[in-house]
Amino acid sequence: MSGLERRTAFSAWVFLAPALLLISAFFFLPVLAALLLSFTDFDIYALGDLGRLRFIGFDNYQRLLHSPLFWTALGNTGYFVAVGGPLSVAVSLGAALLVNARLTRYPGLFRTAFFLPVVTTLVAVAVVWRYLYHPRYGLLNYALGLLGIPPIDWLGDPDWAMPAIILMAVWKNFGFNMIIFIAGLQNIPTPLYEAARLDGAGVWAQFRHITLPLLGPTFLFVALMTLIGYCQVFAEPYVMTQGGPVNRTLSIVLLMYEEGFRWWNMGYASALAFILFALILAGSLLQLRMRRSAPP
Amino acid sequence: MPFGFPRLCALLIALTLLLAGCDSTGDAPVTVKFWAMGQEGEQVQALLAEFERRHPDIRVRVQQIPWSAAHEKLLTAYAGDALPDVFQLGNTWIAEFVALRAIEPLDARLRGWPPAARNDYFPGALAASRLDGQTWALPWYVDTRLLFYRQDLLAAVGFNEAPTTWEDWLQAMARLKTLDDAERYAIFLPINEWQLPVILALQRGATLLRERNQYGDFEHPHFREALVFYLSLFEQGLAAPVGHTQVANLYQEFANGAFAAYISGPWNIGELQRRLPATLQSAWKTAPLPDFAPPTGASGQAAPVGVSLAGGASLALSRASPHQDAAWKLLEFLAEPEQQARFYQLTGDLPARTSAWRAPALAENPHAQAFWRQLQRAQPTPPIPEWERIAQRIAYYAELAARQQLSVDAALAALNADTERILEKRRWLLAREAAQ
């Protein structure tokens, strides 16, 4: 290394140091501590006296894999991601297409209106939706009644609680992805559409052969962010149902929160966090691979 | 540039010195930090002016903590070494804070009290804060659960007074169900609560846990009978299979007769007085919980009051506090019968000291009098840190059984297995203690 290179490297490190220091202190160190914690039975007794802490190896992980509650939570989270994820992407794409269409008047107004739920406090949203879902006075059941459908106990029926949560979550979140899709749509050069129309392509053919392929990178980004975000679903069930009825809306992160901060089983909760991390990593890698191997 | 860097530094140093100088002036009053929850935190301030007048050398700084976050906040404060000098503790949390070694035993200080003052507490209240032979907290207010019911509806089915046995209640509830065409449940029992199954089990004589609280005892016939009775209320359609979250407005439902009875605590006296229309104010009443009639052939009668849960909150001293003497004075002040009676008027929280109940506001309130009778027959839950966790499992399995997704025996076996796992660490600690 020449003297100049060495000096450049040195100044690079100096400039990076504050950021690296902050990331190490507030991210890598806690993550490392959590990893160590996941091999102990750190709980309320250990908090009072570290002499009551036991190193238990992979016991937490083993107990988790044998716990029916973990599998329930995993199943619920999977349900939420599998149904809510695609639904959310589809709704945001649809909304983006509508807002971006040439015929739409006041696109700014609609964009803002659709984006409003994203910036609204979830707790306020939950209060309103609880009324919408109310089995007796709810607007939703009133509408169903007009169609002659008997009332549904949305949040109380174990089979309907998760669909109800998904519906609310999609309504609350689709605005964000919609904005990203609109940006993607506006990046598609209009001459392509003009050329396609001259060749006699219809609306559907234009969508299928121009819009979708050119939205590819946007799609990947949106799908990945939605997957990661939806895997960590917490606030919606936490404020709407607290995981009930009979744990049918208990998500992995909600379970982690309960174990960690309610019962103070930090070791067990840390193990759960690392399992969730592994699952999200695997899901993201799989998605990236699928994109790459897909024909252009 | 108005300030050069050196000048700015000098200014900052001067300021720091000035502030430090202020801090160390001789007889500055001691500041006692006090955390109280929800309503209590808001209302207790009204009592403190008198305390500060009597103790000019002590200042109290109250911080109000919402109940929903209180437990987590206290635990994180302990972990971060930031507990206040005095704090309110739900009685079921005392065992946990003893295990954490976060609170100071009070026996040495209590010895200075006249015996009459110590005996003035409800017996269940002081017992709830005793553990390992020591008193860890001073009861602040007591709490129990009993029946709130619609007297007018009950009279319509031929009961002029609340029945005192479950057998009579079953009859009344069955008649209430068919009283008229209105869509009605006899009683509202939130399907995801553990309290009533546990109360019924205590009434049946169950002990819940066994062998120094090291194992669950839920497959015991006493507990099983109680659960079967509880489930029958749902099976017969007397109680709706719904949780708290599905009832948008409890008071509205109670007012329009969607259910005729509800098991709840003292805070609902004030709520019902505020929220029910004036025309209904003479229609609702409180009554102690019923008891099971003795089996046919056995001698004796059912007790006029069935067992309920002893709850409430206490005040504890932080072990790490540098101002324990001043903090103890605050505890003693809040324990005075006059302050307890005033606190009742401010919050509706029932005094833990029996002599405070002579205040007219309590002695002449028929709703409160039912609580007085109920409090004579109240039992605490097992005093172990793991109890709330176990209670949560009871609620979960009771709900599964009530929704008929699990048979009674399967639910009880699973409950015992879960409890055994939750108590594993406790067994290890006790075994280690015994070996030493």
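This tour moves through a predicted model from one whole chain, to a pair of helices, to a single residue and finally to the contact between two chains.

**Start with chain A as a whole**

Select chain A and colour it by secondary structure; what appears comes to 14 helices and zero strands, so that, read along the sequence, the pattern is simply α repeated, as α-α-α-α-α-α-α-α-α-α-α-α-α-α. Turn the chain slowly while you look at its outline, for its C-alpha atoms fill a box of roughly 75 × 75 × 35 Å when the box is taken along the principal axes. The radius of gyration of chain A is 24 Å, whereas a compact globule of 296 residues would have a value near 19 Å. Of the 296 residues in chain A, buried ones make up 32%. If you consider the contacts in chain A with a separation of 6 or more, 66% of them are accounted for by residues 24 or more positions apart.

**Next, select helix 4 and helix 8**

Now show residues 68-100 of chain A, which form helix 4, together with residues 161-186 of chain A, which form helix 8; the axes of these two helices come within 6 Å and cross at roughly 45°. An angle of that kind is neither roughly parallel nor roughly perpendicular, and therefore helix 4 of chain A counts as oblique to helix 8 of chain A. As you rotate the view, note that helix 4 of chain A passes helix 8 of chain A in a right-handed crossing. Colouring the residues of this contact by class would give 19 nonpolar, eight polar and no charged.

**Then go to A:Val125**

Select A:Val125, whose place is in helix 6 of chain A. Is this residue buried, exposed or partly exposed? A:Val125 counts as partly exposed because it has 19 C-beta neighbours inside 10 Å, while a buried residue needs 20 or more. Leaving aside residues up to four places away in sequence, A:Val125 touches A:Pro117, A:Thr120 and A:Lys172. For a distance to try in the viewer, take the C-alpha atoms of A:Val125 and A:Phe110, which are 19 Å apart in space and belong to residues 15 apart in sequence.

**Finish where chain A meets chain B**

Bring chain B into view and select the contact between the chains, which takes 23 residues from chain A and 21 residues from chain B. On the side of chain A, the elements that give two or more residues are helix 2 (44-48) and helix 6 (122-132), and helix 2 of chain A gives the most, with four residues. By class, this side of chain A has 12 nonpolar, five polar and six charged residues.

Note on methods:
Residues are numbered from 1 along each chain as its sequence is written. Chains are lettered from A and ligands numbered from 1 in the order in which they are written. This is a predicted model: local features need pLDDT of at least 70, side-chain atom pairs count only at pLDDT 80 or more; totals for chains, interfaces and linings use all residues. Axes are lines fitted to C-alpha atoms, for helices over the stretch in contact, and angles run from 0 to 180 degrees between N-to-C directions. Angles under 35 degrees count as roughly parallel, over 145 as roughly antiparallel, 65 to 115 as roughly perpendicular and the rest as oblique. A crossing is left-handed if the near helix is turned anticlockwise from the far one by less than a right angle, and right-handed if clockwise. Ala, Val, Leu, Ile, Met, Phe, Trp, Tyr, Cys and Pro count as nonpolar, Asp, Glu, Lys and Arg as charged, and the others, Gly among them, as polar. Two residues are in contact if their C-beta atoms, placed from the backbone, lie within 7 Å. The radius of gyration is taken over C-alpha atoms; the globule rule is 2.2 Å times the number of residues to the power 0.38. A residue is buried if 20 or more other C-beta atoms lie within 10 Å of its own, exposed if 12 or fewer, and partly exposed in between; C-beta atoms are placed from the backbone.
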